[in-house]
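Student: I have a sequence and a model in front of me. Can we go through the model by question and answer?

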Amino acid sequence: MQSNTARSLPWDLARFDRWAETLIAQSDVAPDALVLAKSKSRRTKLPLADVLTTTHNVSPLGVTRALAAHYGAQVIDPRVSAADVALMRAWGPENCLRNGLLPWRRVGACTVILTSRPHQFARHVEALEAMFGPVRMSVTTEKHLADVV
């Protein structure tokens, strides 16, 4: 089922990752540039998000917002809303940077985990839940995560 946004756009979005659809809708990237980026991503085996930010002038925040919309997650800037240092230390700064994950805050019985790589979040859930109990994913940029760790 296509979203209303996709239906209103004149080009075939089936060839794009679903989150990239949001980039087009937000005017963060032109469809032609996205086609080129997708081709380069496949050719170089680099993530599409990296290609867009490094060669097509798409802001990391624009990519983060699109990924958050795709995954149904909130965007959080940990430089503005500080993380709980005890949670970060429990996971370990090295793990935070290596895996693009930052245990941010406890909200009720749940620990909110910020990630700059939402497509990889599921592979860490078991370890995160073993340490923190129930977790919920929110999204941040790689730079914002690294700045606070």
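Student: How many bridges join strand S1 to strand S2?
Tutor: This is a predicted model. In it, S1 covers residues 101-107 and S2 covers residues 110-115. The two strands run antiparallel, and the number of bridges joining them is six.

Student: Which residue in S2 stands opposite Leu102?
Tutor: Leu102 lies in S1, which spans residues 101-107. The residue facing Leu102 from S2 is Leu114.

Student: Which residue in the turn of the hairpin has a positive phi?
Tutor: S1 and S2 make up a hairpin, with two residues between them. In that turn, a positive phi of about 65° belongs to Gly108.

Student: What is the mean pLDDT of the protein, and where is the pLDDT below 50?
Tutor: The mean pLDDT is 85, and 88% of the residues reach 70 or more. One stretch falls below 50, and beyond near neighbours in sequence it has 16 contacts in the model. Where pLDDT is low, predicted coordinates should not be read in detail. The mean is 85, and the stretch below 50 is residues 1-15.

Student: What does helix H5 reach from its first C-alpha to its last?
Tutor: H5 runs over residues 60-71 and has twelve residues. At 1.5 Å a residue the expected value is 16 Å, and the model comes close to that. The reach is 16 Å.

Student: Which elements do the buried residues of H5 pack against?
Tutor: The buried residues in H5 are Gly62, Val63, Thr64, Ala66, Leu67 and Ala68. Just after the helix, Gly72 takes a positive phi of about 65°. The packing partners of the buried residues are helix H2 (18-25), helix H4 (48-55) and strand S3 (135-139).

Student: Is Thr64 buried or exposed, and which residues is Thr64 in contact with, leaving aside neighbours within four places in sequence?
Tutor: Thr64 has its place in helix H5. Its relative accessible area is 5%, so Thr64 counts as buried. With neighbours within four places in sequence left aside, its contacts are Val75, Val139, Thr140 and Thr141.

Student: How many disulfides does the count come to?
Tutor: Cys96 is buried at a relative accessible area of 0%. Cys110 is also buried, at 19%. A disulfide requires cysteine sulfur atoms within 2.5 Å, and the count comes to zero.

Student: Which residue forms a salt bridge with Asp77?
Tutor: The count of salt bridges comes to three. In the one with Asp77, the closest N and O atoms are 2.8 Å apart. The partner is partly exposed, with a relative accessible area of 46%. That partner is Arg79.

Student: How many residues apart are Glu142 and Arg117?
Tutor: Glu142 and Arg117 form a salt bridge, with the closest N and O atoms 2.8 Å apart. The pair links distant parts of the chain: Glu142 is in helix H9 (residues 142-148), whereas Arg117 is in the loop between S2 and helix H8 (125-132). Glu142 is partly exposed at 37%, while Arg117 counts as buried at 18%. The two residues are apart by 25 residues.

Student: Why are Lys143 and Asp147 separated by about one helical turn?
Tutor: The side chains of Lys143 and Asp147 meet in a salt bridge, at 3.0 Å from N to O. Lys143 counts as exposed at 54%, and Asp147 is partly exposed at 41%. An α-helix has 3.6 residues a turn, so residues three or four places apart point the same way. Lys143 and Asp147 are separated by about one turn because their spacing in helix H9 is four residues.

Methods. Residues numbered from 1 in each chain as written. Predicted model: local features only at pLDDT ≥ 70, side-chain atom pairs only at ≥ 80, totals over all residues. Heavy atoms only, no water. Pairing = 2+ DSSP bridges. pLDDT = per-residue confidence, 0-100. Contact = heavy atoms within 4.5 Å. Expected span 1.5 Å × (residues − 1). Buried < 20%, exposed > 50% of the residue type's maximum accessible area, 1.4 Å probe, protein only. Salt bridge = Lys/Arg side-chain N within 4 Å of Asp/Glu carboxyl O.
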